[in-house]
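Me: I would like a close look at a single part of this protein. Please walk me through the packing and the contacts, in short sentences.

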Amino acid sequence: MTAKISYDEVEAGTELPAQDFPVSRATLVRYAGASGDFNPIHWNEKFAKEVGLPDVIAHGMFTMAAAVRVVTDWTGDPGAVVEYGVRFTKPVIVPNDDNGAVIEVSAKVAAKLDDEARTVRVDLTARSAGQKVLGMARAVVRLA
(Lines give C-alpha, C1' and ligand atoms only; values in the text may rest on other atoms or scores of the structure.)
Protein backbone atom coordinates (compact mmCIF):
# COMPACT_ATOMS: atom_id res chain seq x y z
CA MET A 1 0.00 0.00 0.00
CA THR A 2 1.29 3.47 -0.83
CA ALA A 3 0.67 6.65 1.12
CA LYS A 4 -2.33 8.49 -0.33
CA ILE A 5 -0.78 11.89 0.37
CA SER A 6 1.76 13.13 -2.13
CA TYR A 7 5.03 14.66 -0.99
CA ASP A 8 4.43 17.44 -3.52
CA GLU A 9 1.09 18.33 -1.87
CA VAL A 10 2.51 19.14 1.55
CA GLU A 11 4.73 21.81 3.02
CA ALA A 12 5.89 22.79 6.47
CA GLY A 13 2.82 23.86 8.39
CA THR A 14 0.39 21.48 6.66
CA GLU A 15 -2.07 20.40 9.36
CA LEU A 16 -3.30 16.84 9.58
CA PRO A 17 -6.94 16.23 10.55
CA ALA A 18 -7.13 16.20 14.36
CA GLN A 19 -8.79 13.25 16.08
CA ASP A 20 -10.13 12.33 19.50
CA PHE A 21 -9.64 8.80 20.84
CA PRO A 22 -11.92 7.69 23.69
CA VAL A 23 -10.40 5.41 26.34
CA SER A 24 -12.50 3.39 28.78
CA ARG A 25 -11.55 0.83 31.39
CA ALA A 26 -12.79 -1.82 28.93
CA THR A 27 -10.38 -0.42 26.30
CA LEU A 28 -7.52 -0.89 28.79
CA VAL A 29 -8.51 -4.48 29.55
CA ARG A 30 -8.61 -5.30 25.83
CA TYR A 31 -5.22 -3.62 25.32
CA ALA A 32 -3.75 -5.53 28.27
CA GLY A 33 -4.91 -8.79 26.71
CA ALA A 34 -3.45 -7.90 23.32
CA SER A 35 -0.15 -6.56 24.66
CA GLY A 36 0.38 -8.89 27.61
CA ASP A 37 0.87 -5.86 29.90
CA PHE A 38 -1.28 -6.67 32.92
CA ASN A 39 0.34 -4.18 35.31
CA PRO A 40 -2.39 -3.45 37.89
CA ILE A 41 -1.94 0.34 37.51
CA HIS A 42 -3.86 -0.09 34.25
CA TRP A 43 -6.92 -1.85 35.71
CA ASN A 44 -6.91 -1.86 39.54
CA GLU A 45 -7.99 1.49 41.00
CA LYS A 46 -7.03 0.54 44.58
CA PHE A 47 -3.54 -0.52 43.52
CA ALA A 48 -3.03 2.55 41.32
CA LYS A 49 -3.90 4.84 44.23
CA GLU A 50 -1.68 2.88 46.65
CA VAL A 51 1.32 3.57 44.43
CA GLY A 52 0.54 7.29 44.27
CA LEU A 53 -1.45 7.62 41.07
CA PRO A 54 -4.73 9.55 41.05
CA ASP A 55 -6.55 6.61 39.40
CA VAL A 56 -6.03 3.89 36.79
CA ILE A 57 -3.90 5.12 33.89
CA ALA A 58 -3.74 4.11 30.24
CA HIS A 59 -0.74 2.15 29.04
CA GLY A 60 1.93 4.48 27.67
CA MET A 61 2.28 2.39 24.54
CA PHE A 62 -1.50 2.54 24.02
CA THR A 63 -1.34 6.33 24.22
CA MET A 64 1.59 6.40 21.81
CA ALA A 65 -0.22 4.10 19.36
CA ALA A 66 -3.45 6.11 19.52
CA ALA A 67 -1.57 9.32 18.74
CA VAL A 68 0.18 7.98 15.65
CA ARG A 69 -3.18 6.96 14.19
CA VAL A 70 -3.58 10.60 13.15
CA VAL A 71 -0.56 10.09 10.90
CA THR A 72 -1.47 6.62 9.61
CA ASP A 73 -5.04 7.68 8.86
CA TRP A 74 -3.70 10.74 7.00
CA THR A 75 -1.30 8.73 4.86
CA GLY A 76 -3.59 5.75 4.38
CA ASP A 77 -0.57 3.49 4.92
CA PRO A 78 0.83 2.56 8.36
CA GLY A 79 4.02 1.46 6.57
CA ALA A 80 4.65 5.07 5.53
CA VAL A 81 5.79 5.81 9.11
CA VAL A 82 9.51 5.03 9.02
CA GLU A 83 10.38 6.45 12.44
CA TYR A 84 8.33 7.42 15.49
CA GLY A 85 9.23 8.47 19.00
CA VAL A 86 7.73 10.25 21.98
CA ARG A 87 8.46 11.22 25.55
CA PHE A 88 5.80 10.35 28.09
CA THR A 89 5.02 13.54 30.02
CA LYS A 90 1.75 12.85 31.90
CA PRO A 91 -0.38 9.74 32.21
CA VAL A 92 -3.84 9.45 30.69
CA ILE A 93 -6.07 9.02 33.74
CA VAL A 94 -9.06 6.78 33.00
CA PRO A 95 -11.89 7.14 35.53
CA ASN A 96 -14.33 4.29 36.12
CA ASP A 97 -17.41 6.05 34.77
CA ASP A 98 -19.51 6.18 31.62
CA ASN A 99 -17.12 8.66 29.96
CA GLY A 100 -13.60 7.36 30.63
CA ALA A 101 -10.94 9.60 29.10
CA VAL A 102 -10.24 11.13 25.71
CA ILE A 103 -6.87 11.50 24.01
CA GLU A 104 -6.99 14.57 21.73
CA VAL A 105 -4.39 14.50 19.00
CA SER A 106 -3.37 17.15 16.50
CA ALA A 107 -0.41 17.10 14.14
CA LYS A 108 1.32 19.12 11.47
CA VAL A 109 4.14 18.73 9.01
CA ALA A 110 7.12 20.38 10.67
CA ALA A 111 9.57 20.03 7.79
CA LYS A 112 10.31 18.35 4.51
CA LEU A 113 13.39 16.26 5.24
CA ASP A 114 14.56 14.62 2.04
CA ASP A 115 13.24 15.32 -1.46
CA GLU A 116 14.74 12.11 -2.87
CA ALA A 117 13.38 9.87 -0.11
CA ARG A 118 10.15 11.94 -0.04
CA THR A 119 10.16 12.11 3.75
CA VAL A 120 8.61 14.67 6.07
CA ARG A 121 8.69 15.15 9.83
CA VAL A 122 5.31 15.32 11.49
CA ASP A 123 5.06 16.79 14.99
CA LEU A 124 2.16 15.56 17.11
CA THR A 125 0.44 17.05 20.15
CA ALA A 126 -1.50 14.69 22.42
CA ARG A 127 -3.59 15.99 25.31
CA SER A 128 -5.99 14.48 27.81
CA ALA A 129 -8.01 16.33 30.44
CA GLY A 130 -6.29 19.57 29.43
CA GLN A 131 -2.77 18.17 29.98
CA LYS A 132 -0.10 17.38 27.42
CA VAL A 133 0.45 13.61 27.73
CA LEU A 134 3.20 13.15 25.12
CA GLY A 135 6.21 15.35 24.53
CA MET A 136 8.61 15.41 21.60
CA ALA A 137 6.14 13.29 19.63
CA ARG A 138 7.57 13.10 16.13
CA ALA A 139 7.17 10.83 13.15
CA VAL A 140 9.21 10.60 9.98
CA VAL A 141 6.88 9.71 7.14
CA ARG A 142 7.62 8.61 3.56
CA LEU A 143 5.03 9.98 1.17
CA ALA A 144 4.10 9.03 -2.39
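What follows is a look at helix 3 and its surroundings, then at the charged pairs elsewhere in the chain.

Reply: One caution before the details. This is a predicted model.

Start with helix 3, which covers residues 60-75. Thr63 belongs to this helix. Is Thr63 buried or exposed? Its relative accessible area is 4%. Buried means under 20%, so Thr63 counts as buried. Which residues does Thr63 touch, once neighbours within four places in sequence are left aside? They are Ala58, Val92, Ile103, Val133 and Leu134.

Take Ile103 from that list. Its own contacts, not counting residues up to four places away in sequence, run to Gln19, Asp20, Phe21, Val23, Phe62, Thr63, Ala66, Val92, Ala126 and Arg127. Val92 therefore appears in both lists, as a contact of Thr63 and of Ile103.

Now the core. The largest nonpolar core has 37 residues, and within this core Ile103 and Val122 touch the most other members. Several elements each supply at least two residues: strand 1 (15-23), helix 3, strand 2 (81-88), strand 3 (101-114), strand 4 (119-128) and strand 5 (131-142). The largest share comes from helix 3, with eight residues. As a general background, nonpolar side chains tend to be buried together in soluble globular proteins.

Phe62 brings in the aromatic side of the story. The count of aromatic pairs is one. The partners are Tyr31 and Phe62, with ring centres 5.5 Å apart. Their planes stand at 75 degrees, so the pair is edge-to-face. The pair links distant parts of the chain: Tyr31 is in helix 1 (residues 25-35), Phe62 is in helix 3, and 31 residues separate them. Phe62 is buried, at 15% relative accessible area. Tyr31 is partly exposed, at 21%.

Another ring has a charge for company. The charged end of Lys112 sits over the ring of Tyr7, 4.2 Å from the ring centre.

Next, the salt bridges. How many does the structure hold? There are seven salt bridges.

Arg25 takes part in two of them. One is with Glu45, where the closest N and O atoms are 3.3 Å apart. That pair connects helix 1, home of Arg25, to helix 2 (residues 45-50), home of Glu45, across 20 residues. The other is with Asp55, where the closest N and O atoms are 2.7 Å apart. Here Arg25 in helix 1 meets Asp55 in the loop between helix 2 and helix 3, 30 residues apart. Both Arg25 and Asp55 are buried. For Arg25, the relative accessible area is 15%. Glu45 is partly exposed, at 28% relative accessibility. The two bridges belong to a wider arrangement: Arg25, Glu45, Lys49 and Asp55 are linked in a network of salt bridges.

One more bridge deserves a look. The side chains of Asp8 and Arg118 meet at 3.5 Å, N to O. Asp8 lies in the segment before strand 1, and Arg118 lies in the loop between strand 3 and strand 4, so the pair ties together parts that are 110 residues apart in sequence. Asp8 counts as exposed, at 60% relative accessibility. Arg118 counts as partly exposed, at 25%.

To return to the starting point: Thr63 is buried, and one of its contacts is Ile103. Ile103 is in turn a member of the largest nonpolar core, and helix 3 supplies eight residues of this core.

Note on methods
Residues numbered from 1 in each chain as written. Predicted model: local features only at pLDDT ≥ 70, side-chain atom pairs only at ≥ 80, totals over all residues. Heavy atoms only, no water. Helix = DSSP H or I, 4+ residues; strand = E, 2+ residues; numbered from the N terminus. Buried < 20%, exposed > 50% of the residue type's maximum accessible area, 1.4 Å probe, protein only. Contact = heavy atoms within 4.5 Å. Phe/Tyr/Trp six-rings, centres within 6.5 Å; stacked < 30°, edge-to-face > 60°. Lys NZ or Arg CZ within 6 Å of the ring centre and 35° of its normal. Core = buried A, V, L, I, M, F, W, Y, C linked by side-chain atoms within 4.5 Å. Salt bridge = Lys/Arg side-chain N within 4 Å of Asp/Glu carboxyl O.
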